[in-house]
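Biologist: Could you take me through one part of this model slowly, as if I were new to all this? I'd like to start with the whole chain and then zoom in on a single spot.

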Amino acid sequence: MSEQEASYDYQRYRQLLSEAVDETSRLRLISLLIIEKARDRLEAQRASDRNAMTAETVAKVLGNGRREQFQRG
């Protein structure tokens, strides 16, 4: 199971669905699912961006160290 799938609270959604007996409550549930999915996607994108920035920083640091060795040698 992926990390994103683990964040879904199926029991909670099942409870909310069982309580959604009229159109208004069903529309609220749909809205909630959309908002939470959007939030999860945004968090995944932020994590991806952080990982990319970290990798870029590491590459720069390692790259600069190698250039200095070649310039001295």
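What percentage of the 73 residues in the protein chain do buried residues make up? And could you then look closely at Glu36: which helix does Glu36 lie in, and which residues does Glu36 touch, not counting those up to four places away in sequence?

Modeller: Sure! First, some ground rules: this is a predicted model, where local features need a pLDDT of at least 70 and side-chain atom pairs count only at 80 or more, while totals for chains, interfaces and linings use all residues. Residues are numbered from 1 along each chain as its sequence is written, and side-chain values use heavy atoms, with hydrogens and water left out.

Now your first question: buried residues make up 11% of the 73. Here "buried" means under 20% relative accessible area, "exposed" means over 50%, and "partly exposed" is in between, using a 1.4 Å probe and protein chains only. The chain's accessible surface comes to about 6,600 Å², and 55% of that belongs to carbon and sulfur atoms. Those areas come from the Shrake-Rupley method with a 1.4 Å probe, and for residues only the protein chains shown count as cover.

As for the layout, the chain has three helices and zero strands, running α-α-α from the N terminus on. Both kinds of element are DSSP runs numbered from the N terminus: helices are H or I with at least four residues, strands are E with at least two.

How far can you trust it? The predictor's confidence in each residue is called pLDDT and goes from 0 to 100. The chain's mean is 81, with 75% of its residues at 70 or more. Helix 2 (residues 10-19) has the highest confidence, at 88, and helix 1 (residues 3-6) the lowest, at a mean of 47. Residues 1-6 are below 50, and that stretch has four contacts in the model beyond near neighbours in sequence. Where pLDDT is low, the predicted coordinates should not be read in detail.

On to your spot. Glu36 sits in helix 3, which covers residues 23-72. With a relative accessible area of 8%, Glu36 is buried. Leaving out residues up to four places away in sequence, Glu36 touches Arg12 and Tyr13; touching, or contact, means heavy atoms within 4.5 Å.

With Arg12 there's something extra: its side chain and that of Glu36 make a polar contact at 2.9 Å. That term covers a pair of N or O atoms within 3.5 Å; within protein, one must be able to donate a hydrogen and the other to accept it, and residues adjacent in sequence count only if both atoms are side-chain atoms.

Arg12 and Glu36 also form a salt bridge, with the closest N and O atoms 2.9 Å apart. Arg12 lies in helix 2 and Glu36 in helix 3, so this pair ties together parts that are 24 residues apart in sequence. Arg12 itself is partly exposed, at 33% relative accessible area. The rule for a salt bridge is a side-chain nitrogen of Lys or Arg within 4 Å of a carboxyl oxygen of Asp or Glu, and by this rule the count comes to four.

Among the others is Asp40 with Arg39, at 3.5 Å from N to O. Asp40 counts as buried at 13%, whereas Arg39 is partly exposed at 48%. Another one joins Glu43 and Arg50, whose closest N and O atoms are 3.3 Å apart.

Finally, a surface feature: Leu27, Ile30 and Ile34 form a nonpolar patch with about 300 Å² of accessible area together. Patches are built from residues with over 30% relative accessible area and no salt bridge, joining like charges within 9 Å and nonpolar side chains (Val, Leu, Ile, Met, Phe, Trp, Tyr) within 5 Å. Ile30 is in helix 3 and is partly exposed, at 45%.
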